[in-house]
Amino acid sequence: MSKNAKIAAGGVAAGLILLIWLPWWAALLIILGVPAAAYLALDPSQKQRLRRATRKELGR
């Protein structure tokens, strides 16, 4: 299994656990809020680099 597949499987598992333990709206808030907070924490130059990168380059 590739590294990206392991990350995706872990994300799905964490999402399912959150949906079981929390109300659906709280789980959705966490699932969407964590990546948004990580993006907002980037420097402007890092955001530009991320926008320029294609999906294929993100795995490097």
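This is a short walk through a small set of features in the structure above.

Hi everyone, and thanks for having me. Please keep in mind that we are looking at a predicted model.

Let me start with the overall layout. The protein has 60 residues, and its fold is built from 4 helices and 0 strands. Reading from the N terminus, the elements go α-α-α-α. Just 7% of the residues count as buried. The accessible surface adds up to about 5,500 Å², and carbon and sulfur atoms account for 68% of that.

Now to the surface. Which residues form the nonpolar patch? They are Val12, Leu16, Leu19, Trp24, Trp25, Leu28, Ile31 and Leu32, and together they have about 880 Å² of accessible area. Two helices, α1 (3-21) and α2 (24-40), each supply at least two of the patch residues. The biggest contributor is α2, with 5 residues.

Let's pick out one member of that patch. Leu32 sits in helix α2. Is Leu32 buried or exposed? Its relative accessibility is 55%, so Leu32 counts as exposed, the cut-off being over 50%.

For a contrast in category, have a look at Ile17, over in helix α1. Ile17 has a relative accessibility of 40%, and therefore counts as partly exposed. There is also a distance to point out here: Ile17 and Ala27 are 10 residues apart along the chain, and their C-alpha atoms are separated by 9.0 Å.

What does the record say about this part of the chain? UniProt, in an unreviewed entry, places a "transmembrane region" at residues 12-42. In the model, that span is 87% helix and 0% strand. The C-alpha atoms at the two ends of the span lie 24 Å apart.

My last stop is a lysine, Lys47, which you will find in helix α3, residues 44-52. Lys47 is buried, yet has no salt bridge. How far away is the nearest side chain of opposite charge? That side chain belongs to Asp43, and it is 8.4 Å away. A salt bridge needs a side-chain nitrogen within 4 Å of a carboxyl oxygen, so the pair does not qualify. And what is Lys47 in contact with, once we leave aside its neighbours within four places in sequence? The answer is Tyr39, Leu40 and Leu42.

So, to recap: we have 4 helices, a nonpolar patch to which α2 gives the most, and a buried lysine, Lys47, with no salt bridge. Thanks for listening!

How values were computed:
Residues are numbered from 1 along each chain as its sequence is written. This is a predicted model: local features need pLDDT of at least 70, side-chain atom pairs count only at pLDDT 80 or more; totals for chains, interfaces and linings use all residues. Side-chain values use heavy atoms; hydrogens and water are left out. Buried means under 20% relative accessible area, exposed over 50%, partly exposed in between (1.4 Å probe, protein chains only). Lys and Arg count as positive and Asp and Glu as negative; His and the chain ends are not counted. Contact means heavy atoms within 4.5 Å. UniProt positions are given in the numbering used here, feature names are shortened, and annotations may be inferred rather than shown by experiment. Accessible areas come from the Shrake-Rupley method with a 1.4 Å probe; for residues, only the protein chains shown count as cover. Patches are made of residues with over 30% relative accessible area and no salt bridge: like charges are joined within 9 Å, nonpolar side chains (Val, Leu, Ile, Met, Phe, Trp, Tyr) within 5 Å.
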